[in-house]
Every structure is written in structure tokens, then in C-alpha cells.
Amino acid sequence: QVQLVESGGGLVQPGGSLRLSCAASGFTFSTYAINWVRQAPGKGLEWVSDVFSDGQSTNYADSVKGRFTISRDNAKNIVYLQMNSLRPEDTAVYYCVKEGTPIGHYDYWGQGTQVTVSS
């Protein structure tokens with residue numbers, strides 16, 4: 001069965017960095033785009049970034065552009081989200097999400113990893 005397992009969250013001070021990982025299994029990883037979506041306390045879901053199947057095309061929300069970098073290793077079935085210059089407003093649960101068909105349809109979610117940015 002499809003599994004997406006996030007790791008790498010934690011507590012970090014403003015201006016700090018974290019790298020999230022998403023380990024995938026149960027499907028042909030190199031065929032599908034993967035997204036990161038976050039949910040801040042008391043707020044709705046916010047799309048953060050995506051990476052296409054070949055790893056060459058990436059997109060970012062304006063709120064994280066220039067600070068976050070998404071990448072993938074299709075040999076290891078892992079997607080990364082490098083987060084730099086973290087701000088308190090980045091505090092959220094971060095979810096790894098598989099994109100199915102049609103494009104834009106999210107069919108599988110990980111359990112999420114908590115990121116807290118606070119001094």
C-alpha cells in the first residue's frame with residue numbers, strides 16, 4: 001500500500017533551518033509529482049511547494065519562495081524540503097502529499113511532521 005512518512009520536524013529559532021524528508025513506498029515513485037502542504041494552528045491547509053516526477057520542475061508558494069527548496073531522489077524514493085530563514089509564521093504541521101490523476105488531485109497524504117519556529 002502507498003505510504004508517505006515525513007521526518008525532520010522540530011523546534012527551531014527564527015532564522016534557523018530545518019530539512020524535512022518524505023520517504024515514499026508502495027507506488028512507482030518516479031512517476032508522480034509530490035507536494036508539501038502545511039497547516040498552521042487554527043488555520044486551513046496551505047500548499048507550500050511541489051516537485052514534478054523528474055525533479056526538474058519545482059514550484060513554491062509566494063510565502064516561502066527564496067527560503068525553501070524542494071528536491072527529490074528518485075533512486076531512494078525520498079523528497080526533501082530544505083527550509084531556511086524560518087519565521088514564526090512557518091510554524092505548522094507539514095504534510096507530504098502524492099499527486100495522482102488528474103493533475104492536481106491529491107490522493108495520498110503522510111501523517112505530518114510538526115515544525116515550530118520560536119525563540
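**Figure 1. Tyr32 and the aromatic cluster in the predicted model.** Tyr32 has a relative accessibility of 25% and therefore counts as partly exposed. The structure is a predicted model. Phe27 has a relative accessibility of 15%, under the 20% limit, so Phe27 counts as buried. The ring centres of Phe27 and Tyr32 are 5.9 Å apart and the ring planes meet at 70°, which makes the pair edge-to-face because planes over 60 degrees apart fall in that class. Phe27, Phe29 and Tyr32 are linked into a cluster by ring pairs. In the whole structure, four aromatic pairs are found.

**Figure 2. Phe29 in the loop between E3 and E4.** The loop that holds Phe29 connects strands E3 and E4. With a relative accessible area of 2%, Phe29 is buried. Leaving aside residues up to four places away in sequence, Phe29 touches Ala24, Ile34, Arg72, Asp73, Asn74, Asn77, Ile78 and Val79. Val2 is 27 residues from Phe29 in sequence, and the C-alpha atoms of the two residues are 10.0 Å apart in space. Phe29 also belongs to the ring cluster with Phe27 and Tyr32.

**Figure 3. Arg72, a buried arginine with no salt bridge.** Arg72 lies in strand E7, which spans residues 68-73. Which side chain of opposite charge is nearest to Arg72? Asp54 is the nearest, 7.1 Å away, and Arg72 is buried without a salt bridge. A salt bridge requires a side-chain nitrogen within 4 Å of a carboxyl oxygen, so a separation of 7.1 Å does not qualify. The side chain of Arg72 instead has backbone oxygens beside its polar atoms: that of Phe29 lies 2.7 Å from one polar atom of the side chain, and that of Ser53 is reached at 3.5 Å. Beyond four places in sequence, the residues that Arg72 touches include Phe29, Ser30, Tyr32, Ala33 and Ile34. Val51, Phe52, Ser53 and Gly55 are also among the contacts of Arg72, as are Ile78 and Val79.

**Figure 4. The largest nonpolar core.** In soluble globular proteins, nonpolar side chains tend to be buried together. The largest nonpolar core here has 27 residues, and Trp36, Phe68, Val79, Leu81, Met83 and Tyr94 have the most contacts inside it. Two or more core residues come from each of strands E3 (18-25), E4 (34-39), E5 (45-51), E7, E8 (78-83), E9 (92-99) and E11 (113-117). E3 gives the largest share, four residues. Phe68 touches Leu81, Met83 and Tyr94, among others. Other contacts of Phe68, not counting residues up to four places away in sequence, include Arg38, Val48, Tyr60, Gln82, Asn84, Leu86 and Asp90.

**Figure 5. Salt bridges and a shared network.** Side chains of opposite charge can pair when their charged atoms come close. Five salt bridges are found in the whole structure. In one of them, the side chains of Arg38 and Glu46 meet at 2.7 Å, N to O. Arg38 is buried, with a relative accessible area of 5%, whereas Glu46 is partly exposed at 29% relative accessibility. Lys98 and Asp107 also form a salt bridge through their side chains, at 2.9 Å, N to O. Lys98 is buried, its relative accessible area being 3%, and Asp107 is partly exposed at 28% relative accessibility. Arg38, Glu46, Arg67 and Asp90 are joined into one network by salt bridges that share partners.

**Figure 6. The salt bridge between Asp62 and Lys65.** The closest N and O atoms of Asp62 and Lys65 are 3.2 Å apart. Are the two partners buried or exposed? Asp62 counts as exposed at 68% relative accessibility, and Lys65 is exposed with a relative accessible area of 51%. Both values satisfy the criterion for exposed, which is over 50%.

Note on methods: Residues are numbered from 1 along each chain as its sequence is written. This is a predicted model: local features need pLDDT of at least 70, side-chain atom pairs count only at pLDDT 80 or more; totals for chains, interfaces and linings use all residues. Side-chain values use heavy atoms; hydrogens and water are left out. Buried means under 20% relative accessible area, exposed over 50%, partly exposed in between (1.4 Å probe, protein chains only). Lys and Arg count as positive and Asp and Glu as negative; His and the chain ends are not counted. A polar contact is a pair of N or O atoms within 3.5 Å; within protein, one must be able to donate a hydrogen and the other to accept it, and residues adjacent in sequence count only if both atoms are side-chain atoms. Contact means heavy atoms within 4.5 Å. A nonpolar core is a set of buried Ala, Val, Leu, Ile, Met, Phe, Trp, Tyr and Cys residues joined through side-chain atoms within 4.5 Å. Rings of Phe, Tyr and Trp (its six-membered ring) pair if their centres lie within 6.5 Å; planes under 30 degrees apart count as stacked, over 60 as edge-to-face and the rest as tilted.
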